[in-house]
Amino acid sequence: MAAMELILKEDLLGVDWDRLAEVYRAAFGGTLDAERTRSIFGRCYLTRIALLDGAEVGGVYALCDGELDAAIYGLAVHPGFHRRGIGTALMRSAIEGLPPQVAVMLTADEPWLVEFYRELGFARLKNAMALRFPEHAVD
Ligand SMILES: CC(C)(COP(=O)(O)OP(=O)(O)OC[C@H]1O[C@@H](n2cnc3c(N)ncnc32)[C@H](O)[C@@H]1OP(=O)(O)O)[C@@H](O)C(=O)NCCC(=O)NCCS
């Protein structure tokens with residue numbers, strides 16, 4: 001079988017928002033629709049969308065003030081395409097796209113995700129605080 005071509009798209013031109021919303025519903029559950037997906041991506045500092053043979057299979061986005069701080073959210077790959085390195089490629093591209101000096105935060109909900117992000121250079125924070133997170137996620 002021929003290898004499929006992976007593209008990490010850096011802009012939002014020509015995105016199939018229905019298909020990307022389906023990726024997010026499949027990865028996270030929930031009811032995210034095309035319009036809200038477009039709205040989220042459209043407001044972010046940086047976005048990456050994984051296209052496999054031209055079809056949306058994953059995404060990630062970052063908020064950033066351009067100077068000091070950033071947060072990466074919404075890393076998702078459609079379950080049909082897990083364990084092919086797409087999540088890692090999306091994260092590497094997002095990190096590289098942020099200004100090199102900014103401090104970058106994210107959350108990891110599962111022990112294996114902590115290891116996944118450690119492999120990408122992240123460490124656990126001692127001083128993080130959060131508002132409106134689910135009860136299971138807070139001390
Ligand atoms: C997190 C996510 C994006 C990873 O995407 P992916 O493309 O499958 O990740 P990769 O193929 O780059 O995985 C890299 C490594 O992470 C680890 N890993 C990935 N998925 C794993 C799993 N389900 N369990 C344990 N380790 C896992 C493995 O070490 C893997 O390397 P390997 O396949 O050679 O063993 C994907 O699982 C997903 O969309 N999950 C649902 C949404 C989510 O939880 N997002 C993160 C929010 S914090």
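**A five-stranded sheet, two helices packed on it, and a ligand shell**

In this predicted model, β4 and β5 run parallel and are joined by three bridges. Within this pairing, D69 finds its bridge partner in A103 of β5. Helix α1 packs on the sheet, where it touches β2, β3 and β4; the direction of α1 makes about 80 degrees with that of β3. Helix α3 packs on the sheet as well, touching β1, β2, β3, β4 and β5, and its direction makes about 35 degrees with that of β3.

It helps to set these elements in the sheet as a whole. The sheet is open and has five strands in the order β1-β2-β3-β4-β5, with mixed pairing. Its edges are formed by β1 (6-9) and β5 (103-105), each of which pairs on one side only. On average, and with direction ignored, neighbouring strands of this sheet are turned by 20 degrees against each other.

Strand β3 deserves a closer look, with its pairing to β2 as a convenient starting point. Strands β2 (residues 46-52) and β3 run antiparallel and are joined by seven bridges; in one of the pairs, A50 has G58 of β3 as its bridge partner. The two strands form a hairpin with two residues between them, and D53 in the turn has a positive phi of about 50 degrees. On the pairing with β4, six bridges join β3 to this antiparallel strand, and L63 has A71 of β4 as its bridge partner. The hairpin of β3 and β4 has four residues between the strands, among them G66, which takes a positive phi near 85 degrees. Strand β3, covering residues 55-64, is mostly covered, with seven of its 10 residues buried. For readers following the side chains along such a strand, those of a regular strand alternate between the two faces of the sheet.

The ligand can now be placed against this framework. Its surroundings comprise 18 residues, of which A27, H82, G87, T88 and W112 are the closest. Four elements each supply at least two residues of the shell: α1 (17-28), β4 (69-77), α3 (86-97) and α4 (111-119). Both helices described above as packing on the sheet, α1 and α3, are thus among the contributors to the shell. What is the make-up of the shell around the ligand in nonpolar, polar and charged residues? The shell divides into 10 nonpolar, five polar and three charged residues.

Definitions and conventions
Residues numbered from 1 in each chain as written. Predicted model: local features only at pLDDT ≥ 70, side-chain atom pairs only at ≥ 80, totals over all residues. Near = placed C-beta within 6 Å. Nonpolar A, V, L, I, M, F, W, Y, C, P; charged D, E, K, R; others polar. Buried ≥ 20, exposed ≤ 12 C-beta atoms within 10 Å, placed from the backbone. Pairing = 2+ DSSP bridges. Axes fitted to C-alpha atoms, helices over the stretch in contact; angles between N-to-C directions. Contact = placed C-beta atoms within 7 Å.
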